[in-house]
Structure formats: C-alpha cells, structure tokens
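Here are some short exercises to work through with the model open beside you. Try each task before reading its solution.

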Amino acid sequence: MEPRHEHPHVPGPSIWPVGFAVGVVALLVGFVVNWAIVVVGALIAAAFGFLWVRDLARRRGLTKAPAVEPERRDGRAETDGRLAPSPPTYGRSAFLELSTLGLGGVIGALVSLPVFGFMILPAFLKQKAGSHDLGPVTDYPEGEFVVATFMSRPEQGKVSRRTAFVRNNGPVNGRPSFTIISNHCAHLGCPVQPNTAVPAAHKEYQDVTLTALPTPPSGFSCPCHGGAYDIEGNRIAGPPVRALDRYAFSIRNGHLYLEAPFSVSHVDGSGSTAEIHKFPFAFPGEHVSGAEAWLYPIQPPH
Amino acid sequence: MASRPTPYERIMYPVDWLEERSGLVGGLRYFLFRKVPADTNWFQTLGSATLTAFIVQALTGSILAMYYKPEPQQAYSSITHITNDIWAGWLVRGMHRWGASVFIILMFLHMGRVFLFGAYKYPRELNWIIGVLLLALGLAEGFTGYLLPWDQTSYWATVVGININGTAPFLGPFLAQFLQGGTYINPDTLSRFYAIHMLLLPGAIFALIGLHLYLVVRLGVTSPPWSKHPAGSGPTTPEPQPPRTGLTRPAPRRSARG
C-alpha cells in the first residue's frame, strides 16, 4: 500500500507557461500570416520557456500539493465524526449531469440542424419551374393535338423529359386559345397515351420534339392501372381521382411558351369554351375537390 | 520449475492475451454456448438464417458499390457492365438481387415462427417491436434498391411508389417531394436513393440487429408451445466450474509422475 497523506511536490503557480503558450500560438499563426510573426513568436516562446525551465531547475516555486478531503458519495462533509445536518438540495453532480446533457444537446443541435436542413430543404426550395419555349405557334395546326416532349430542365438531361398534349383551339375574341394537358396520370403518375395511332414523323425544335396526331384521339389512357380520360382530360374510368393536370401558357414573339402546371378536378364543355375547375398543382393520387381534399390541407411549394 | 508449454497452451496464449484485455473470448463463448431449452426446434433457426441473408446482402452490396455509378447517364450502363463484362459480376449481382427476396421472405417466416410460438409475449414484446422496425427498414431497402438499375421498370415502379407515398394524408405530399428531392424525379433522386439504400438504412439495420440479438441473449430462447417442461424449471444456480489457470483454459492435469 502507498503511504497515506503523501504530499507530492508540484510546481507552484507561475506566469511563465502562459507566456510560453502565447509565443507558440504566435509562431503557428506566423506560419500562415507572416514570417516576421514566426520570429517574434519563437523569441517569446524561447524567453518564457527559458524562465520556466530555470524556475523548475532551481526547484523554486515548488509547493506542497494541498491535502484533498475525500469526497463522500452523499455529498455530506464529515465533521467530528458526525455527518453534517442536511445534504445540499441541488448537488454538484446533479448540476454536472444536467449541464453535460444540456451542453451536449446544444452542441449536437448546432452540428446536426444544418446537416438535416441540407438533407431536407433543397427538395422544397427553388422548385418553381420556369417557362419553356415550345416553338413557333405555326407548328400547332388549329384543332389538332400535337404531342410535345421537352426537357423541363435541360441541365439535368433526359431524366427531366416531360410530355404535354397541345391543341390549338384557334383564336377566341382575337386571343389565342390552347389546351395543354400533362401526360402524368392523376392516379400514380404513369405516362398516359393518346388513344390513336402516333406516327413516327416529327418536327424538332431545340430540345422539343413535336408529333402531330393525324387522327384525333378518342381520349387518353394509362398503361399502368387502366386509368382512362376523355379528350379534355376528364376521368372516365379506372382509379384516377381527378382530371389530368394542365399547363398554363403564354405567347411571346410568335412562340408558344409553357408556364406553370396546375391541377384540375374536372372540365365542363370542351375546346376554347371549356370551363376548367382549376386547383394548385398537386401530386398524383391526391383529391383536389370534395371531402377527400381535406386530407391534403397544405401542399409543398412546387 | 517452469515446464515447457504444450502445443495446446502455445495456441491458447494469444487467445488468453486477448481475453485478459477485452473479455471478448468469454463473451463469444457465452453467446455461442449459452443454455437454451432442450426442446428447441429447427424452426428457431429462421432468425439466424435471416441474419445470414442480411450479411450476404451487405457483403454483395458493398462489392457491387465498387462498380456501380449512381448517375443517370451511367447507372444503367454500369449495371450491364457488372452483369456482362466483369468477372463473376452476374453472380454477385444475382446474389444481391435474389438475396433481397430471400431476406424479405425469411423475415416473414421468422416473424410467423415467433408469432406461432408465442415468443412475442412478456418479456419479449420489445424484441417484437424491434423486429417490426427491422421488417419496415428491410422493405425500405427493397424500395430504394429497386430504382438503382435505372431501367424503365425500376423508374416507373419508383414513380408509382413515390406517388403512393404522396397520397398519404397530410404529410404525404411532403414525404413524396422529400423522397424524390424535388417536384419530379431528377438526378438527385438516384443518388439520394443510393445513399439511403447503402448507408442510412443498412446502418440502422445493423444497429437494430445488435439490439435484437442482445435481447435474444438476455431474455433467452422460448420453448416450443408443445414443450413438456414448465417454464422456469431449469437449474437456477450455475454449475460449479473447475479451477482455471488461464482465463480460457482449464488447469493442466498433473501427470502421475508429478
């Protein structure tokens, strides 16, 4: 056994190590900033290091380590062989536990919140699609459907390929009228097809491919689960919960521009006189009208 | 007098060294040779079969990741490269592809065994819950892995799968948009599914399997329902152990010549 109450000699309080540390820091900073600071730092470190070592070598400043009263587990001090009357109500160990957990939690949150934000937020920010040039209006003969495929975000490559069914309804009150139906099935997003022969002949314009349909389709149908739509995109059979989505459009410099998509519950009438029941763009399978629409109170920003 | 160590002792020295510093050898012995009911059944090997299937998935998946490229222009061609050009690539990919189904099937069979044996009852409810989480994570592995070949089947199956998620009430649309990393499937969707498939989910599965096994060892194995031994009828006091010189080897027998 070690003898009890051993008091090892330890260095007493000294200012020299502080100066030594300052010198080392200056030296390291100097490596990055300026060689002159390296020299200054080295001189400071050497001077204070010399003073420190000299003190230790002369055993000056050595002091006896203070005797430490052994701590009792219940935190109560022993005096005259009797326990102190009442324990502290808020002990040091409880404080240390709470502050360790609290500080750990704060540090953990500081580190992890930006990381989880990076994981989640980009999917919801800057998602608004810009307008897309679909070529000269003259490429869309009046009263005919044209299948237009395009890269919604050309920088993403073919994975951004979208298809719209475009019909020029002719001018209404001197303003052009277009019906532009998205090919995303309103059931679960599979690509719907026009119910007619689709010829191979097509016209290309930048990233847009145009295929005019010589025979007007009787409607649209989905290959995945049998959803069927009429020529205006109204659901007529199968599992879809609403009509096909549509795109807004604009005409600039004689070109047809595709604007933001929107969702449609149903369409009354047809062509340029159709009454479109329009709703904010929703994911496939979501009701936009009726009681079930209450299941989707807020939409993520599209 | 120091006698020359026998060959057995020579072999056991490093094991003793390891055991003295870590306790791992004793822990492994405890894990492998712990007491189980005498009438355990072959059906109770389904859990370790599931574990084996998962280890096969983790191993083959790690090796496939050395050749696979999660980028829309290259994903499909890297898959055909693995299958057709790389030596035994068809085998490793096939193991991973079919092993995925084996893993899911074994999970269901294991679950059925636990249910029919009543092994989900007190005190093993927590292990049932962990098992259900593992089943969900396993299914999520299947969903995220299905997109990676990046062919028409996987693409449209994932479109449909994500949109099914989107139809969930209230948070569904947000979940769908998070999963595809935007309003539509885009290049980020592929790398996102890849990261989830090979980092997030396997990490969580490994951790939960550890917890699952810890509870199996701690709570013991159930007897089959037809067991004739009443519960708790086994010996409760440990059997006396012979004295040991090392931590793992028994005291050497003294020869008659001494």
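For the first exercise, axes are lines fitted to C-alpha atoms, for helices over the stretch in contact, and angles run from 0 to 180 degrees between N-to-C directions. Please keep in mind that this is a predicted model.

**Exercise 1. Two packed helices**

Task: work out how H7(B) and H8(B) pack, and which residues meet there.

Solution:
- Step 1. Start with the geometry: the axes of H7(B) and H8(B) are 6 Å apart, and the packing angle is about 150°.
- Step 2. Angles over 145 degrees count as roughly antiparallel, so H7(B) is roughly antiparallel to H8(B).
- Step 3. Now list the partners. H7(B) brings B:Ile162, B:Asn163, B:Asn165 and B:Gly166. Facing them in H8(B) are B:Gly172, B:Pro173, B:Leu175, B:Ala176, B:Leu179 and B:Gln180.
- Step 4. Sort the residues of this contact by class: five are nonpolar, five are polar and none is charged.

**Exercise 2. Where the chains meet**

Task: find which elements of chain B give two or more residues to the side that touches chain A.

Solution:
- Step 1. Count the contacts: 22 residues of chain B are in contact with 23 residues of chain A.
- Step 2. On the chain B side, the elements that give two or more residues are helix H7 (152–166) and helix H8 (172–180).
- Step 3. H7(B) gives the most, with six residues.
- Step 4. By class, this side of chain B has 13 nonpolar residues, nine polar ones and no charged ones.

**Exercise 3. The two sides of a helix**

Task: decide where the buried residues of H4(B) sit around its axis, and name what covers them.

Solution:
- Step 1. Helix H4 of chain B spans residues 75–84, and its buried residues are B:Ala75, B:Ser78, B:Ile79 and B:Ile82.
- Step 2. These residues cover an arc of only 105° around the axis, so they lie on the same side of H4(B).
- Step 3. The general rule helps here: an α-helix has 3.6 residues a turn, so residues three or four places apart point the same way.
- Step 4. Turn to the other side of H4(B), where B:Ser77, B:Thr80 and B:Asn84 are exposed.
- Step 5. The cover over the buried residues includes helix H3 (46–64), helix H5 (89–116) and helix H9 (187–219) of chain B.

**Exercise 4. One arginine**

Task: is B:Arg93 buried or exposed?

Solution:
- Step 1. Locate B:Arg93 in helix H5 of chain B.
- Step 2. B:Arg93 has 20 other C-beta atoms within 10 Å, so B:Arg93 is buried.
- Step 3. Leaving aside neighbours within four places in sequence, B:Arg93 is in contact with B:Leu64, B:Ile82 and B:Thr83.

How values were computed. Residues numbered from 1 in each chain as written. Chains lettered and ligands numbered in written order. Predicted model: local features only at pLDDT ≥ 70, side-chain atom pairs only at ≥ 80, totals over all residues. Buried ≥ 20, exposed ≤ 12 C-beta atoms within 10 Å, placed from the backbone. Helix = DSSP H or I, 4+ residues; strand = E, 2+ residues; numbered from the N terminus. Arc of directions from axis to C-beta. Contact = placed C-beta atoms within 7 Å. Nonpolar A, V, L, I, M, F, W, Y, C, P; charged D, E, K, R; others polar. Parallel < 35°, antiparallel > 145°, perpendicular 65-115°, else oblique.
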